[in-house]
Amino acid sequence: MLRYRGKKLALNIVKELDSFPKVQEEIYEPSTYSNVILTVLISIFGLWLLISEVQFFLQEHYIYRFVPDTDYESKLPINIDITVASPCDSIGADIVDTTGQNMMLFGELKTDDTWWKMTKEQEQHFEKMREFNAYLREEYHSMKDILWMFDDYNKLKNKVSVRTEKANTLPDACRIHGSLILNKVIGNFHITPGKSLIVPGGHVHLTGPFFGSGATNFSHRINQFSFGVPTKGIMYPLEGELYETDENAVSFKYFIDVVATDVKSHSNEIKTYQYSAKDIQRKIDHNSGSHGMPGIYFQYDINALKFIITENRITMFHLIIEIASTIGGYKNGLGATPANIRQTFEL
């Protein structure tokens, strides 16, 4: 009796057929402490990258550039709050520009009798503003570095400390405060002895026994001196400054360079101004050849360039791409082993 063996032979061939190549067992690398440490380090680094991407997305980003200022017809608001160590009836404030106009007609400056010596609350408020302003000037030299802290500073300087206690003596100081609308040309705001009187072609300051005391002390403290609308991220260097002298005939001069500044964000656009300032002071003594009139002078000039600050916010689509690329790199890093890394460096 013959048996057919062909079917069994074909079945054995199919069973032994394996189209997938086998990897040799000596190639496998068992899990070691180095693999665990590498996995933990890669995981920490990947998590740090994800957190950094989210923080970068939440931050405010600005682009800064200079352009010629061609807006000649716009006006220049000025905000003033200065206390002078002389009674209001002995001094006068005035402002003129190269157009010959008396800009005191475009706005209002009020004069309030007060006392030079501050109350405890006023002194604490003023000293805090001085320290804050000085700290920012010394420690930070870029506008982008103070944007995040300007909210507290803005609240501090806008909170005017009102005097609640009156001294037992007559007022010996004058607070000059208010806002004016100026032309965008060279001008001069000054506080001098006597009262200002407008005459054809200009103005004069009247002094003498009928117009107040001739002996005036121009020690002063500046609570506010700014141009335009107070804006987040813009410092005003003269605010919080205090100048004291025992002399009556002293001239204080400030030379101010005003720069138009446009702040553009996704929600609104603000047109304001910032400035830099230099100051000198000298004693008026006609016998020694130091002529002039004592007082406080703010000479301002308009810069020919405009400073534009534009908010550049990162889009959500960009954030998604960054997170996806970070996750992809993280997965590739987990696939690496110490052996692969050693092999890479050997190559």
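The following exercises, with worked solutions, concern a predicted model.

**Exercise 1. The nonpolar core**

Find which residues have the most contacts inside the largest nonpolar core, and which element gives the largest share of this core.

Solution.
- Step 1. The largest nonpolar core holds 36 residues. Phe189, Phe225, Phe227, Ile256 and Phe298 are the ones with the most contacts inside it.
- Step 2. Elements giving two or more residues to this core include strand 2 (75–84), strand 3 (91–97), strand 9 (220–227) and strand 13 (295–311).
- Step 3. Strand 11 provides the largest share of this core, with six residues.
- Step 4. Take Ile256 and leave aside its neighbours within four places in sequence: among its contacts are Phe225, Phe227, Leu238, Tyr275 and Phe298.

**Exercise 2. Strand 6 and its partners**

Determine how many residues of strand 6 are buried, and in which sense strand 6 pairs with strand 3 and with strand 13.

Solution.
- Step 1. The count of buried residues in strand 6 is seven of seven, so the strand is largely enclosed by the rest of the structure.
- Step 2. With strand 3, strand 6 makes seven bridges in the antiparallel sense. Asn188 of strand 6 has Val96 opposite.
- Step 3. With strand 13, the pairing is again antiparallel, over five bridges. Here His190 has Tyr297 of strand 13 as its bridge partner.

**Exercise 3. The disulfide**

Locate the disulfide between Cys88 and Cys174, and work out its handedness from the torsion about the S-S bond.

Solution.
- Step 1. The disulfide count is one. In the pair Cys88 and Cys174, the sulfur atoms are 2.1 Å apart, which satisfies the cut-off of 2.5 Å.
- Step 2. The S-S torsion of Cys88 and Cys174 is about 100°, so this disulfide is right-handed.
- Step 3. Cys88 sits in the loop between strand 2 and strand 3, while Cys174 belongs to strand 5; the pair links distant parts of the chain, 86 residues apart.
- Step 4. Both Cys88 and Cys174 are buried.

**Exercise 4. Salt bridges**

State where the partners Asp69 and Lys184 lie, and classify Lys283, Glu247, Asp262 and Lys271 as buried, partly exposed or exposed.

Solution.
- Step 1. There are six salt bridges in the structure. One of them joins Asp69 and Lys184, with the closest N and O atoms 2.8 Å apart.
- Step 2. Asp69 is in the loop between strand 1 (62–68) and strand 2, and Lys184 is in the loop between strand 5 and strand 6, so this salt bridge ties together parts that are 115 residues apart in sequence. Asp69 and Lys184 are both buried.
- Step 3. Between Lys283 and Glu247 the closest N and O atoms are 3.0 Å apart. Lys283, in strand 12, and Glu247, in the loop between strand 10 (241–243) and strand 11, are 36 residues apart. The relative accessible area is 41% for Lys283, hence partly exposed, and 37% for Glu247, hence also partly exposed.
- Step 4. For Asp262 and Lys271 the closest N and O atoms are 3.3 Å apart. Asp262 has a relative accessible area of 6% and is therefore buried, whereas Lys271, at 49%, is partly exposed. Salt bridges with shared partners join Asp262, Lys271 and Lys306 into one network.

**Exercise 5. Asn217**

Decide whether Asn217 is buried or exposed, and describe its surroundings.

Solution.
- Step 1. Asn217 lies in the loop between strand 8 (202–206) and strand 9.
- Step 2. Its relative accessible area is 15%, so Asn217 is buried.
- Step 3. The side chains of Asn217 and Ser219 make a polar contact of 2.7 Å.
- Step 4. Beyond the neighbours within four places in sequence, Asn217 is in contact with residues including Val84, Ser86, Thr245 and Glu247.

Methods:
Residues numbered from 1 in each chain as written. Predicted model: local features only at pLDDT ≥ 70, side-chain atom pairs only at ≥ 80, totals over all residues. Heavy atoms only, no water. Core = buried A, V, L, I, M, F, W, Y, C linked by side-chain atoms within 4.5 Å. Buried < 20%, exposed > 50% of the residue type's maximum accessible area, 1.4 Å probe, protein only. Helix = DSSP H or I, 4+ residues; strand = E, 2+ residues; numbered from the N terminus. Contact = heavy atoms within 4.5 Å. Polar contact = N/O pair within 3.5 Å; in protein donor to acceptor, adjacent residues only side chain to side chain. Pairing = 2+ DSSP bridges. Salt bridge = Lys/Arg side-chain N within 4 Å of Asp/Glu carboxyl O.
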